Amino acid sequence: MEEYFKRVIIALDTPDEKRALELVRLLKNRVGIFKVGLELFTGAGPSIIGKINEEGCRVFLDLKFHDIPNTVYGAVKQAARLGAFMLDVHASGGRKMMEWAKKAVEEVFERDCEKRPKILAVTVLTSIDGEDLKEMNVEKSPCEQVLSLAKMAKQIGLDGVVASPLEIRKIKEVLGRDFMVVTPGVRPSFAAASDQKRVMTPLEAIKMGTDYIVIGRPVTAAEDPPAALEKIFD
Ligand SMILES: O=C(O)c1cc(=O)[nH]c(=O)n1[C@@H]1O[C@H](COP(=O)(O)O)[C@@H](O)[C@H]1O
């Protein structure tokens with residue numbers, strides 16, 4: 001079980017700092033990384049990252065930056081100083097935007113490469129399927145589109161990608177084992193898929209070779225979050 005817990009990131013999707021820290025305290029003896037996304041960051045403010053770090057846990061700062069290169073460069077510079085272990089930008093922001101995001105992190109940690117947060121590129125959201133892509137005039141399948149964005153992220157020198165579990169095998173095969181893959185869109189058999197479309201169970205995703213799975217509601221909305229987490233891998 002420990003082997004599985006090491007690969008879990010819990011998404012703290014609540015606007016409430018108190019609830020977020022309560023979840024961290026409930027789960028921190030099993031899970032070491034918590035995700036601060038748009039809802040919590042906007043609701044609780046940037047200081048939430050330091051507070052999670054003070055609990056002895058690492059933070060994936062998931063703000064999915066997507067803007068012109070100069071704006072993303074400035075935002076990533078600020079985000080990189082907050083103490084996150086990983087942060088992300090949208091790959092669909094393009095090559096230059098990703099290059100500038102990398103440059104921002106490198107400049108902040110010029111003298112301290114070890115502390116540099118990892119930068120991930122979000123490929124195709126797990127809530128999007130082939131039909132949705134077609135509607136946006138993307139003729140590629142989700143897997144092809146993920147792979148082409150992931151290749152660009154790797155060329156630029158980002159640390160990895162966020163993709164669905166359905167693409168893990170292909171990304172690792174083509175881009176190598178060291179290129180990090182983080183997969184939301186995991187649903188245990190007892191949980192509803194809700195707005196997620198490209199899903200697999202957490203255990204299947206880990207067996208496919210993902211570096212980390214991101215789990216939110218199946219754990220955080222459960223009456224007993226630690227028990228829900230145990231049940232997933234039991
Ligand atoms: O970047 C992400 O973390 C992300 C990318 C993606 O493609 N799909 C996705 O669901 N996420 C995030 O992963 C979490 C999934 O939460 P649940 O659907 O509740 O398990 C949410 O916080 C999403 O914002």
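Which residues does D62 touch, not counting residues up to four places away in sequence? In this predicted model, D62 touches K35, V36, G37 and D88 once those sequence neighbours are set aside. The following paragraphs begin at this residue and then proceed through the strands around it.

D62 is placed in strand β3, which covers residues 58-65. Because 25 other C-beta atoms lie within 10 Å of its own, and 20 or more are needed for a residue to be called buried, D62 belongs to the buried class. UniProt, in an unreviewed entry, lists D62 together with K64 and D67 under "active site". D67 is found in the loop between β3 and helix α5, the latter spanning residues 69-80. Is D67 buried, exposed or partly exposed? D67 has 14 C-beta neighbours inside 10 Å, and therefore counts as partly exposed. Apart from neighbours within four places in sequence, the contacts of D67 are V72 and G93.

From β3 the path leads to strand β4, residues 86-90. β3 and β4 pair in the parallel sense over three bridges, and F60 has M86 in β4 as its bridge partner. The chain passes from β3 through α5 to β4 in a right-handed β-α-β crossover. Why can β4 be described as largely enclosed by the rest of the structure? Five of the five residues of this strand are buried, so the description follows. The side chains of β4 also show a clear arrangement. In a regular strand, side chains alternate between the two faces of the sheet. In β4, M86, D88 and H90 point one way, while L87 and V89 point the other way. D88 is also one of the residues that D62 touches.

On to the next strand: β4 and β5 run parallel and are joined by five bridges. Within this pairing, V89 stands opposite A121 in β5. β4, helix α6 and β5 together form a right-handed β-α-β unit. In the loop between α6 (95-108) and β5 (118-122) lies E110. This residue is exposed, because its count of other C-beta atoms within 10 Å is 9, and a residue with 12 or fewer is classed as exposed. E110 and G50 are 60 residues apart in sequence, and their C-alpha atoms are 21 Å apart in space.

Further along the chain, attention turns to strands β6, β7 and β8. Strand β6, residues 160-162, pairs with β7 in the parallel sense over three bridges, and V161 stands opposite V181 in β7. The chain crosses from β6 to β7 through helix α9 (residues 168-175), and this β-α-β crossover is right-handed. In β7, residues 180-183, M180 and V182 point one way and V181 and T183 the other, all of them being buried. β7 in turn pairs with β8 in the parallel sense over two bridges, with Y212 in β8 as the bridge partner of V182. Here the chain crosses through helix α10, residues 202-207, and this β-α-β crossover is also right-handed.

The final topic is the ligand. How many residues surround the ligand? There are 18, the closest being A11, T126, P184, G216 and R217. β3 and β8 each supply at least two residues of this shell. By class, the shell comprises seven nonpolar, five polar and six charged residues. The strand that holds D62 is thus one to revisit when viewing the surroundings of the ligand, as β3 contributes to that shell.

Note on methods: Residues numbered from 1 in each chain as written. Predicted model: local features only at pLDDT ≥ 70, side-chain atom pairs only at ≥ 80, totals over all residues. UniProt positions renumbered as here; feature names shortened; annotations may be inferred. Helix = DSSP H or I, 4+ residues; strand = E, 2+ residues; numbered from the N terminus. Contact = placed C-beta atoms within 7 Å. Near = placed C-beta within 6 Å. Nonpolar A, V, L, I, M, F, W, Y, C, P; charged D, E, K, R; others polar. Pairing = 2+ DSSP bridges. Right-handed = clockwise from strand over helix to strand, strands pointing away.
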